[in-house]
Amino acid sequence: MKEAVHIGKNPSAEPDLQDLMGSVALGDQQAFAGLYDVVAGPVIGVVRGVLRDQAQSEEVAQEVLVEVWRSAARYRRERGSVINWVLTLAHQRAVDRVRSVEASAAREHRAALLDHAPEYDEVTEQVEARLEREQVRRCLRTLTELQRQSVTLAYYRGLTYREVAESLALPLGTVKTRLRDGLIRLRDCLGVTA
């Protein structure tokens, strides 16, 4: 039978992390120092992989190790190894920091947009304009065909009375009367006071 070859530290020289964690849960500072020596490097590696910023990585790694000290009693042997538990805490804390930074940037962006917001509400303006257009269309449908054609040609196409009369092949006086009657009906329908 071949003997296992180990590169680096001798695994038998490594402290038993399960035992150390049990002692840390009881408040043993010496045990925490031993645990710290083993997990600090991998913790900073995981955190740095997520954050990519040295200063923030160190800060989050410190927070994780403080959390390990405070919550060691929550560790459950049957749910996985100590190193996996600690590295999971590290990854979660690093992801939380990324989310926090992104949320803060989003809040600042929204605040900046509010500072540059127009003095009127564009949505309200658009809704009001749409409602007014719909009301005008509805009122135009109440006009006679000749009145509607005269108003449409004069006000939407910009034709003069004479051009409207020529377009509709009607006498100029008839077109003027139909326009006047049509505008009065529109005014009443729209509720405009003269």
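This passage describes the aromatic pairs and the buried face of one helix in a predicted model.

Aromatic contacts were considered first. The count comes to 3 aromatic pairs. One of these is formed by Phe32 and Tyr36, whose rings lie 6.3 Å apart, centre to centre. The angle between the two planes is 55°, and the pair is classed as tilted. Both residues belong to helix H2, which spans residues 29-51. Phe32 and Tyr36 are 4 residues apart in H2, or about one turn of the helix. An α-helix has 3.6 residues a turn, so residues three or four places apart point the same way. The two residues were assigned to separate accessibility classes: Phe32 has a relative accessibility of 17% and counts as buried, whereas Tyr36, at 38%, is partly exposed. Phe32 is buried because its value falls under the 20% limit. Together with Trp69, Phe32 and Tyr36 form one aromatic cluster.

Helix H1 was examined next. This helix covers residues 17-25, and its buried residues are Leu17, Gln18, Leu20, Met21 and Val24. Around the helix axis, these residues cover an arc of only 160°, so they lie on the same side of H1. The buried residues of H1 pack against three helices, namely H2, H3 (54-71) and H4 (82-115). Helix H2, which holds Phe32 and Tyr36, is therefore among the packing partners of the buried residues of H1. Just after H1, Gly27 takes a positive phi of about 90°.

Key
Residues numbered from 1 in each chain as written. Predicted model: local features only at pLDDT ≥ 70, side-chain atom pairs only at ≥ 80, totals over all residues. Heavy atoms only, no water. Phe/Tyr/Trp six-rings, centres within 6.5 Å; stacked < 30°, edge-to-face > 60°. Helix = DSSP H or I, 4+ residues; strand = E, 2+ residues; numbered from the N terminus. Buried < 20%, exposed > 50% of the residue type's maximum accessible area, 1.4 Å probe, protein only. Arc of directions from axis to C-beta. Contact = heavy atoms within 4.5 Å.
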